[in-house]
Amino acid sequence: MSDLKDKIVMAIGCGTPDGQVNNGFAAAKAFLAAGAKVCIVDRDTVALDHAQAALAGTGTGPGGSHATGNLLGEAEPGADLDSRVTTVVADVGDEASLSAAFDHCASSLGEPTVLHYNVGIVVNGGLDTLETAAFAKALDINLTGAFAAMQQALPYMRRAGGGSIITVSSVGGMRYMGYDYPAYAASKAGLIELTKVVGAQYAAEGIRANSIAPGLIETPLIHNSISGHYDSVEDMLSARHALSPTGKMGQPEDIAKLAVFLASDDSSYINSTLIPVDGGLVHFAGTPKT
Ligand SMILES: NC(=O)c1ccc[n+]([C@@H]2O[C@H](COP(=O)([O-])OP(=O)(O)OC[C@H]3O[C@@H](n4cnc5c(N)ncnc54)[C@H](O)[C@@H]3O)[C@@H](O)[C@H]2O)c1
């Protein structure tokens, strides 16, 4: 695994709402395992409680208070990680709280040189059913939130002489997945292009930006946001396994491993691109073997 010992990571949307391993928490954990200092940001206090407890190795519940957008408290991470992890509550739709989260990272761990933007909400419904306000919400959180986070990260990366921006997009932003979620798809397509443009625009300053496009990944998110497209959760799981060229969905750790690589100097000449982690899904037009 790549070495992140000199990296300070803003891991946004990397709490775990139900204590299970999702893409965000798997990434935060992998960054820590690679030696980075990590500021875990989430709008959901409970998601941070669970993340903190899991990192402390207890897995049993809330592990302390979190800093807030107003810096009202300090996180209490597990003893073995106490100097390398902190948590902070912030909503990417609220620039003031996002700014305070970056301040919190800088004052408690150091100035961030890696931004990992994992936040992504699924907004279901198409032309027949979706109100424009709901469409705009998907863009606000999945795309404008990323822009705001990049804006916050830029001065820190400039001061450090470089940095790595990683966004978590989706194969749903590359092709039609058969799901009735055009708002989600459009937001992720926008995120992919935003990331590429930023990577190209700031390359001369040593700042890279790359997007990871997960394919069909087995996370709690699909139970909450995708299962409604199927008759049952079991139908969803077997359909998504069957759709995957490998015969099974990917795991959150598959995304996390690439995130660590992109955060590291091992990927120093990889910039302004999109890397699917999908078992071959976007290139596959055959009948999957089960
Ligand atoms: N699971 C899949 O199959 C799949 C496929 C493609 C892409 N993705 C992408 O992976 C990412 C999500 O992965 P996950 O498993 O960690 O999801 P998750 O929903 O479990 O975690 C997302 C975290 O983001 C937080 N969050 C949501 N809105 C926020 C906001 N406004 N401000 C701050 N934090 C906010 C949530 O509280 C949550 O803790 C998303 O970007 C999603 O689009 C997932």
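This report covers the confidence of a predicted model, the shell around its ligand and three helix contacts.

## Confidence

The model is predicted. The average pLDDT of the protein is 91, and 91% of the residues score at least 70. The pLDDT falls below 50 over residues 58-65, a stretch that has 20 contacts in the model beyond near neighbours in sequence. Over residues 68-79 the pLDDT is likewise below 50, and this stretch has 35 contacts beyond near neighbours in sequence.

## Ligand shell

The ligand is surrounded by 27 residues, and the closest are Gly13, Asn22, Asn23, Gly24 and Gly120. Two elements, α1 (23-33) and α6 (220-225), give two or more residues to this shell. The element that gives the most is α6, with three residues.

Sorted by class, the shell holds 13 nonpolar, ten polar and four charged residues.

## Helices α1 and α8

Besides its part in the ligand shell, α1 packs against helix α8 (residues 252-263). The angle between them is about 45 degrees, and their axes are 8 Å apart. The two helices are therefore oblique to each other. The crossing of α1 past α8 is right-handed.

On the α1 side, the residues in contact are Asn23, Ala26, Ala27, Ala30 and Phe31. On the α8 side they are Pro252, Glu253, Ile255, Ala256, Lys257, Ala259, Val260 and Ala263. By class, this contact has ten nonpolar residues, one polar and two charged. Asn23 of α1 takes part in the contact with α8 and is also listed among the closest residues to the ligand.

## Helices α4 and α5

Helix α4 (residues 132-160) and helix α5 (residues 182-201) cross at roughly 20 degrees, with axes that come within 8 Å. At this angle, α4 is roughly parallel to α5. The crossing of α4 past α5 is right-handed.

From α4, the contact is made by Ala134, Phe135, Ala138, Leu139, Asn142, Leu143, Ala146, Phe147 and Met150. From α5, the contributors are Ala183, Tyr184, Ser187, Lys188, Gly190, Leu191, Leu194 and Val198. The residues of this contact divide into 13 nonpolar, three polar and one charged.

## Helices α3 and α4

Helix α4 also meets helix α3 (residues 95-108). The axes of α3 and α4 come within 10 Å and cross at roughly 35 degrees. As α3 passes α4, the crossing is right-handed.

Glu95, Leu98, Ser99, Phe102 and Ala106 of α3 make this contact with Ala148, Ala149, Gln152 and Tyr156 of α4. The contact of α3 with α4 comprises six nonpolar, two polar and one charged residues.

Terms used: Residues numbered from 1 in each chain as written. Predicted model: local features only at pLDDT ≥ 70, side-chain atom pairs only at ≥ 80, totals over all residues. pLDDT = per-residue confidence, 0-100. Contact = placed C-beta atoms within 7 Å. Near = placed C-beta within 6 Å. Helix = DSSP H or I, 4+ residues; strand = E, 2+ residues; numbered from the N terminus. Nonpolar A, V, L, I, M, F, W, Y, C, P; charged D, E, K, R; others polar. Axes fitted to C-alpha atoms, helices over the stretch in contact; angles between N-to-C directions. Parallel < 35°, antiparallel > 145°, perpendicular 65-115°, else oblique. Left-handed = near helix turned anticlockwise from the far one by under 90°.
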